[in-house]
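Visitor: I should like a close look at one part of this predicted model. Please take me through the pockets, and begin with the second largest pocket.

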Amino acid sequence: MEWYELLKALILGFVEGMTEFAPVSSTGHMIIVDDMWLQTKEFLGSGSANTFKIVIQLGSILAVVVVMWKRILSIVGLYKMEGQQSQRFNLGHVLVGIIPAGVFGVLFEDFIDENLFSINTVIIGLIIGAIFMIIADKFGPKKPAITSLDEISYSKALKIGLIQCLSLWPGFSRSGSTISGGVLLGLDHKTAADFTFIMAVPIMAGASGLSLIKNWDQINIDHLSFYVVGFISAFIFALLSIKFFLKLISKVKLMPFAIYRIVLALVLIFVLFV
């Protein structure tokens, strides 16, 4: 591939890594940047370009594994968290949380790929997702009852998983939907974010694998370097942003992100339709 094409992979990796953990929709931002400026569909093809936007999220997910490796190992019983008498949060909570999105993702994957990967649908997702986040900050408990992962029940995990299905609409945001849902269900923002990131590991691994299998015939060997550059870029920038976001979400909550989403949607509407 030409250097300027690989530069586009680097840019999309940057966008993915810096937005994956913030509740602003990393997929939505990649669609906006790609459709308005980069136009990767012209040399990758539609199927491969959409698959790329899903697969490079694995770079961000690898950053989660690096940062939260102790908690992830504890979930599968390979590590005991310091000062913890019993491990209440376990693999069962994660499985219960990811099943709804997994089922709906498989059922509607074709529809999503063919009809929802556009700026118009992202604008809708940005606005509706922002409203949901505002509702969560406005009506969520002032004193959250759940302040650690080990206090999350299976019932709460399932409910958050159901709410996460909203993020199948590009622009709505997986972290935005699950953090908002968690807050409304009594989790503090930090705990909701921790749960969101842990659930993202198997969800994104599954989504990436499914998309690769489906579009394998549209991906040729020439695309490999593009995928590798995007993956590495997403990993590096996600690694830089994840700890910052976890500290930020506890301080500013969801409202600033909701305002950003609405402003971005209005700017896109003005640029594209006025």
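Guide: The second largest pocket encloses a volume of about 270 Å³. Its lining comprises 14 residues, and those closest to the pocket centre are Met68, Arg71, Met81, Lys190 and Asp194. At least two lining residues come from each of helix 6 (69–75), helix 11 and helix 12 (224–252). Sorted by class, this lining holds five charged, three polar and six nonpolar residues.

The largest pocket offers a point of reference, with about 670 Å³ of space. Helix 2 (26–38), helix 7 (91–115), helix 10 (174–184) and helix 11 (189–214) are the elements that contribute two or more residues to its lining. Helix 11 thus appears in the lining of the largest pocket and also in that of the second largest pocket. The greatest contribution to the largest pocket is that of helix 7, with eight residues. In total 34 residues line the largest pocket, and Ser167, Leu168, Ile203, Met204 and Ala207 lie nearest its centre. The classes represented there are 16 nonpolar, 14 polar and four charged residues.

The UniProt record, an unreviewed entry, places transmembrane regions at several spans, including residues 54–79, 195–213 and 225–246. In the model, residues 225–246 are 100% helix, with end C-alpha atoms 32 Å apart. Residues 54–79 are 77% helix and 0% strand, and their end C-alpha atoms are separated by 30 Å.

Helix 4 (residues 46–55) is largely enclosed by the rest of the structure, because nine of its ten residues are buried. Among them are Asn50, Phe52 and Lys53.

Note on methods:
Residues numbered from 1 in each chain as written. Predicted model: local features only at pLDDT ≥ 70, side-chain atom pairs only at ≥ 80, totals over all residues. Heavy atoms only, no water. UniProt positions renumbered as here; feature names shortened; annotations may be inferred. Helix = DSSP H or I, 4+ residues; strand = E, 2+ residues; numbered from the N terminus. Buried < 20%, exposed > 50% of the residue type's maximum accessible area, 1.4 Å probe, protein only. 1 Å grid on protein atoms, 1.4 Å probe; cavity = no way out; pocket = protein on both sides within 12 Å on 5 of 7 lines; lining within 4 Å. Points joined across faces, edges and corners; volume = space filled by probe spheres on them. Nonpolar A, V, L, I, M, F, W, Y, C, P; charged D, E, K, R; others polar.
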